[in-house]
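Q: Please take a close look at one part of this model, the aromatic rings and what lies around them. Go through it step by step, in plain terms.

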Amino acid sequence: MAEVLVRAQGRCKLMNGGYQAFNGHCTFKHKKAGNTDAYVVKLDDGTNFNFSGPGVQALSVQTYAGVRNVKHKAQADHEVFSWNDGEVHRLSVRLDQVQNPDARFESPPEG
């Protein structure tokens, strides 16, 4: 079972071949299952990106042109994913609100 390490709301900007394809709200999730890291980014326009691999420096993404290697840069509140499938793609994710993925809500004890 995958462990969710980060779940966050944010703003994403997607550049495709030098033009801006998306700039708006998105959700971001970082999961880990065994030796596999996975990042799931869902843009508000319905586009989903699933970056996964044996480590954060060895990610790949499925595109129409096939599986492509992904370069990943992480900072405190910012993630950047870039890949090339005939044109350069760059997805920048700025995290607005990081939520604790392990939050548990319990009812107060009855007195």
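**Aromatic rings and their surroundings**

A: A search of the whole structure, which is a predicted model, finds six aromatic pairs. One of these pairs is formed by F49 and F51, and it is stacked, with 6.0 Å from centre to centre and 5° between the planes. The cut-off for a stacked pair is under 30 degrees between the planes, so the 5° of F49 and F51 qualifies. Both F49 and F51 are buried. Ring pairs also join these two residues to others: F28, Y39, F49, F51, F81 and W83 are linked into a cluster.

From F51 the path leads to strand 3, which covers residues 36–43. Two residues of strand 3 touch F51, and they can be taken in turn.

D37 is found in strand 3. D37 has a relative accessibility of 6%, and because buried means under 20%, D37 counts as buried. Leaving out residues up to four places away in sequence, D37 touches H30, K31, K32, F51, S52, G53, G55, V56 and L59. With one residue of that list, K32, there is also a polar contact: the side chain of D37 meets the side chain of K32 at 3.2 Å.

A38 lies in strand 3 as well. A38 has a relative accessible area of 18%, which is under the 20% limit, so A38 is buried too. With the same residues along the sequence left out, A38 touches K29, H30, K31, F51 and S52. H30, K31, F51 and S52 are thus contacts of both D37 and A38. A38 can also be set against the start of the chain: the C-alpha atoms of A38 and A2 are separated by 9.2 Å, although the two residues are 36 residues apart along the chain.

The other ring of the stacked pair, F49, leads to a pocket. F49 is among the residues that lie nearest the centre of the largest pocket, together with T47, Q62, T63 and Y64. In total, 13 residues line this pocket. Strand 1 (3–16), strand 4 (48–53) and strand 5 (59–63) are the elements that give two or more residues to the lining. By type, the lining divides into five nonpolar residues, seven polar and one charged. The volume of the largest pocket is about 300 Å³.

To put the parts together: F49 and F51 are a stacked pair; F51 touches D37 and A38, while F49 belongs to the residues nearest the centre of the largest pocket.

Note on methods: Residues are numbered from 1 along each chain as its sequence is written. This is a predicted model: local features need pLDDT of at least 70, side-chain atom pairs count only at pLDDT 80 or more; totals for chains, interfaces and linings use all residues. Side-chain values use heavy atoms; hydrogens and water are left out. On a 1 Å grid over the protein atoms alone, a cavity is a set of points where a 1.4 Å probe fits but cannot get out, and a pocket is an open set with protein on both sides within 12 Å along at least five of seven lines; lining residues have an atom within 4 Å of a point. Grid points are joined across faces, edges and corners, and a volume is the space filled by probe spheres set on the points. Helices (H or I, at least four residues) and strands (E, at least two) are DSSP runs, numbered from the N terminus. Ala, Val, Leu, Ile, Met, Phe, Trp, Tyr, Cys and Pro count as nonpolar, Asp, Glu, Lys and Arg as charged, and the others, Gly among them, as polar. Buried means under 20% relative accessible area, exposed over 50%, partly exposed in between (1.4 Å probe, protein chains only). A polar contact is a pair of N or O atoms within 3.5 Å; within protein, one must be able to donate a hydrogen and the other to accept it, and residues adjacent in sequence count only if both atoms are side-chain atoms. Contact means heavy atoms within 4.5 Å. Rings of Phe, Tyr and Trp (its six-membered ring) pair if their centres lie within 6.5 Å; planes under 30 degrees apart count as stacked, over 60 as edge-to-face and the rest as tilted.
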